[in-house]
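This report goes through a single model, working from its core outwards to its charged pairs and backbone details. The sequence and structure come first.

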Amino acid sequence: MTEYERSRTMPALPEHVFEQAANVDQLDGWLPHELHVHAEDPPAVTVHDDHAEQDTSALLSARRDQMRLEWGTRDEGYYAGWLQVAGIDGGASEVTVHLSFFDDRHDPGQRSAHEALDTSLRRLEEQVRLRVEPTAG
């Protein structure tokens, strides 16, 4: 098993960050560009991977009381992950994303995994900023 983890501080309340991260209809806004999540009968979802040109059955659950998302493949058990939002001083949040690969054939490698996690966290922060910052005018 291989595990990867990245964190990022975001200048927004943890509730705001979690609401954006957990919105199934807006996951494509912060996940890697090649992944698309389609809700079925929650917690069941299908993840489409543009690179592999395949759909994977997965589970996605949001634990709002813990500000935590958890996901993983439904049948195959290739990977699992979680996102945790924690409040820090000054109304900011610390967001941590963790991935576990149980099958080495699906492990993208450290560099690719870290790049994908960093990009996803940056995109989530941009999405949160668009929702919480007042429009200048």
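The paragraphs below cover the nonpolar core, the helix packing, the salt bridges and the unusual backbone geometry of this predicted model.

**Nonpolar core**

The largest nonpolar core holds 28 residues. The members that touch the most other members are Val17, Trp30, Leu69, Leu83, Val85, Val95 and Leu124. At least two residues of this core come from each of strand E1 (2-10), helix H1 (14-22), E3, E4, strand E6 (79-88), strand E7 (92-101) and helix H2 (110-132). The element that gives the most is H2, with five residues.

Leu83 illustrates the surroundings of one such member. Apart from its neighbours within four places in sequence, Leu83 is in contact with Ala21, Trp30, Met67, Arg68, Leu69, Trp71, Val95, Thr96, Val97 and Leu124.

Met10, in strand E1, has a relative accessibility of 1% and therefore counts as buried, the limit being under 20%. With neighbours within four places left aside, the contacts of Met10 are Val17, Ala92, Ser93, Val95, Leu121, Leu124 and Glu125. The last of these contacts, Glu125, is 115 residues from Met10 along the chain, yet their C-alpha atoms are separated by 6.2 Å.

**Packing of the two helices**

Two packed helices are described by the angle between their axes and the distance between the axes. For H1 and H2 the angle is about 115 degrees and the axes are 10 Å apart. The crossing of this pair is right-handed. On the H1 side the contact is made by His16, Val17, Gln20 and Ala21, and on the H2 side by Leu124, Gln127, Val128, Arg131 and Val132. By residue type, the contact of H1 with H2 divides into five nonpolar, three polar and one charged. Val17 and Leu124 belong to this contact and are also listed among the core residues that touch the most other members.

**Salt bridges**

Side chains of opposite charge can pair when their charged atoms come close. The structure holds 10 salt bridges, and the table gives three of them.

| Basic residue | Acidic residue | N to O distance |
|---|---|---|
| Arg6 | Asp118 | 2.9 Å |
| Arg64 | Glu19 | 3.4 Å |
| Arg63 | Glu70 | 3.3 Å |

What do the first two pairs tie together? Arg6 lies in strand E1 and Asp118 in helix H2, so their salt bridge ties together parts that are 112 residues apart in sequence. Arg6 counts as partly exposed at 27% relative accessibility, and Asp118 counts as partly exposed at 30%.

The pair of Glu19 and Arg64 ties together parts that are 45 residues apart in sequence, because Glu19 lies in helix H1 and Arg64 in the loop between E4 and E5. Relative accessibility is 42% for Glu19, which counts as partly exposed, and 48% for Arg64, which also counts as partly exposed.

In the remaining pair of the table, Arg63 is partly exposed with a relative accessible area of 36%, and Glu70 counts as partly exposed at 21% relative accessibility. Apart from the tabulated pairs, Arg8, Glu125 and Arg129 are joined into one network by salt bridges that share partners. Glu125 of this network is also one of the contacts of Met10.

**Backbone geometry**

Most residues other than glycine have a negative phi, and most peptide bonds are trans. Three places in the loops are of interest against that background.

The peptide bond from Pro42 to Pro43 is cis, with omega near 15 degrees. Pro43 sits in the loop between strand E2 (35-39) and strand E3 (44-49).

Glu53, which is not a glycine, has a positive phi of about 50 degrees. Its place is in the loop between E3 and strand E4 (54-63). Met67 likewise has a positive phi of about 50 degrees without being a glycine, and is found in the loop between E4 and strand E5 (68-73).

Are these two residues buried or exposed? Glu53 has 68% relative accessibility and so counts as exposed, the limit being over 50%. Met67, at 18% relative accessibility, falls under 20% and therefore counts as buried. Met67 is also among the contacts of Leu83.

Notes: Residues numbered from 1 in each chain as written. Predicted model: local features only at pLDDT ≥ 70, side-chain atom pairs only at ≥ 80, totals over all residues. Heavy atoms only, no water. Helix = DSSP H or I, 4+ residues; strand = E, 2+ residues; numbered from the N terminus. Buried < 20%, exposed > 50% of the residue type's maximum accessible area, 1.4 Å probe, protein only. Core = buried A, V, L, I, M, F, W, Y, C linked by side-chain atoms within 4.5 Å. Contact = heavy atoms within 4.5 Å. Axes fitted to C-alpha atoms, helices over the stretch in contact; angles between N-to-C directions. Left-handed = near helix turned anticlockwise from the far one by under 90°. Nonpolar A, V, L, I, M, F, W, Y, C, P; charged D, E, K, R; others polar. Salt bridge = Lys/Arg side-chain N within 4 Å of Asp/Glu carboxyl O.
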